[in-house]
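Me: I am a first-year student and should like a close look at a single part of this model. Please explain each term as it arises, and connect that part with its surroundings.

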Amino acid sequence: MAQPSYIAEDGTLTDGEAWVAIATTDLTSDAGSVTFTSDSTATGDWSQYLDLMMICHVRGTNASTAVGGYLRFNDDTGNNYNFLLLDVSADAPRGYSEASHTKAEAILAVPAGSSTANVFGAAVVHFADINSGKDKVVLIRSACDQNNTTTFGSGSTVCQWRNQAAITKILAYPSSGNWKSDTRFDLYGILPRMVS
Amino acid sequence: MAAIEAIKTTRLESWVSSITLSSIPSSYEHLELRVSAAGNRASYASDIAYLRFNSSTTSYTDQAMLGSAPNSEICFAQSSRSRMDLYRLGTIGVGKRIPYGALIIQIRDYANTSKNTTVVAFGGTSAVDNTSNDRQVSVCGGAWHQTTAISSIEFGDVNGTYLMTGSVVSLYGIRSS
């Protein structure tokens with residue numbers, strides 16, 4: 001890994017900004033998926049981070065009011081993902097869960113081809129303790145007004161990836177169709193306290 | 001000066017009854033705790049975390065939560081509590097793999113001596129061995145009805161007696177512009 005900014009020229013460890021901007025993908029054309037991968041650069045090596053956080057502004061191209069936003073880690077296509085959600089449909093809350101999926105059904109209420117033009121959904125995704133030997137837990141908050149209908153408007157999700165490996169790759173893709181142009185993902189690394 | 005600064009990170013290398021983050025400086029605007037933790041509650045796949053401020057055991061706290069169990073919704077509020085309960089921790093209670101819970105907790109304007117302190121949290125866990133029991137995602141929050149600046153935070157497990165090895169609690173300070 002190249003030398004990160006929290007190591008001074010003399011080798012001293014410092015505590016600077018705890019949130020580090022790793023990468024941004026701002027689509028200039030429709031795309032089937034977006035991928036982020038850990039690398040060996042000073043900010044791009046995820047092994048230094050406690051958590052990751054991803055801010056999403058998303059829309060699908062599918063001819064429907066809404067699509068889901070799915071996540072998959074380290075190219076794992078096995079039945080290793082659980083998820084549980086709380087969302088709002090019209091005026092009623094809904095609790096729902098599934099287990100042993102091949103992906104984390106993470107981002108709710110993603111507007112798509114039949115939604116009001118230029119509407120994008122927002123989501124914040126927290127990846128907890130990504131380098132630990134634990135099964136990984138991901139928390140997601142997402143919301144959108146697709147077109148003032150009774151489709152889901154907001155929700156909270158917890159996903160579990162039943163794998164104890166460090167997360168080194170994140171694939172984000174819509175349940176149907178493509179991500180629409182101008183869909184944007186910003187990935188941040190969150191450092192622990194390093195100086196006692 | 002960093003806008004968001006890591007104040008302290010504690011990763012457990014053995015079981016402990018609770019984690020106390022003390023000598024918190026008052027120089028930030030808000031605090032944020034990022035947690036990945038599990039307790040030793042028996043027979044259940046999840047538990048509840050608590051916060052206690054400035055070692056106070058007086059009933060100064062109100063709290064409320066809205067959450068989802070596997071296929072239903074739950075919500076409730078409680079008042080005059082001696083601690084603030086937040087959802088969810090994992091546990092060692094059932095199964096072979098500990099389902100650590102994750103929590104993001106924000107403590108707003110914690111050093112302002114003209115305000116009571118408000119907390120908002122978002123957390124959840126998913127079950128061991130793909131069973132459907134005790135999974136939960138929750139949005140919750142509370143108020144600590146004291147204007148004293150918060151200088152210490154105790155984090156613990158409501159129904160268990162220990163936090164498990166591997167649990168991590170990291171405290172961040174968010175500065176104003």
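Reply: In chain A, 78% of the contacts with a sequence separation of 6 or more are made by residues 24 or more positions apart. A contact here requires the C-beta atoms of two residues, placed from the backbone, to lie within 7 Å. The model is predicted, and local features need pLDDT of at least 70, side-chain atom pairs count only at pLDDT 80 or more, and totals for chains, interfaces and linings use all residues. Residues are numbered from 1 along each chain as its sequence is written, while chains are lettered from A and ligands numbered from 1 in the order in which they are written.

Chain A has 0 helices and 12 strands, where helices (H or I, at least four residues) and strands (E, at least two) are DSSP runs numbered from the N terminus. From the N terminus on, the elements of chain A therefore read β-β-β-β-β-β-β-β-β-β-β-β. The radius of gyration of chain A is 18 Å, close to the 16 Å that the globule rule gives for 196 residues, so chain A is as compact as a globular protein of that length. This radius is taken over C-alpha atoms, and the rule is 2.2 Å times the number of residues to the power 0.38. Along its principal axes, the C-alpha trace of chain A spans about 60 × 35 × 30 Å. Of its 196 residues, 44% count as buried. A residue is buried if 20 or more other C-beta atoms lie within 10 Å of its own, exposed if 12 or fewer, and partly exposed in between, with C-beta atoms placed from the backbone.

The part chosen for a close look is a sheet in chain A. It is an open sheet of 4 strands in the order β2-β11-β4-β7, with antiparallel pairing; two strands pair if DSSP finds at least two bridges between them. β2 (34-37) and β7 (104-111) of chain A stand at the edges with a single partner strand each, so one side of each has no neighbour in the sheet. From one strand to the next, the twist averages 20°; axes are lines fitted to C-alpha atoms, for helices over the stretch in contact, and angles run from 0 to 180 degrees between N-to-C directions.

Within this sheet, strand β4 (residues 66-73) and strand β11 (residues 169-174) of chain A pair in the antiparallel sense over 5 bridges. Tyr70(A) has Tyr173(A), in β11(A), as its bridge partner.

Leu71(A) is also placed in strand β4 of chain A. With 22 other C-beta atoms within 10 Å, Leu71(A) is buried. Apart from neighbours within four places in sequence, its contacts include Ile170(A), Leu171(A) and Ala172(A), as well as Ala104(A) and Ala106(A). By contrast, the C-alpha atoms of Leu71(A) and Gly95(A), 24 residues apart along the chain, are separated by 20 Å.

A loop residue offers another view of chain A. Gln48(A) lies in the loop between β2 and β3 (51-58) of chain A. Gln48(A) counts as partly exposed, with 18 C-beta neighbours inside 10 Å. When residues up to four places away in sequence are not counted, Gln48(A) touches Pro4(A) and Leu191(A). Gln48(A) and Leu191(A) are 143 residues apart in sequence, yet their C-alpha atoms are 7.0 Å apart in space.

The partner chain may be described in similar terms. The secondary structure of chain B comprises 0 helices and 12 strands. Its radius of gyration is 16 Å, which agrees with the value near 16 Å for a compact globule of 177 residues. Buried residues make up 47% of these 177 residues.

In strand β2 (residues 18-21) of chain B, Ile19(B) and Leu21(B) point to one face and are buried, while Ser18(B) and Thr20(B) point to the other and are not. In a regular strand, the side chains alternate between the two faces of the sheet. β2(B) pairs with strand β11 (residues 153-157) of chain B in the antiparallel sense over 4 bridges, and Ser18(B) has Gly156(B) as its bridge partner there.

Finally, the two chains meet: 39 residues of chain B are in contact with 36 residues of chain A. β1(B) gives the most to the side of chain B that touches chain A, with 6 residues. The residues of that side divide into 17 nonpolar, 16 polar and 6 charged. Ala, Val, Leu, Ile, Met, Phe, Trp, Tyr, Cys and Pro count as nonpolar, Asp, Glu, Lys and Arg as charged, and the others, Gly among them, as polar.
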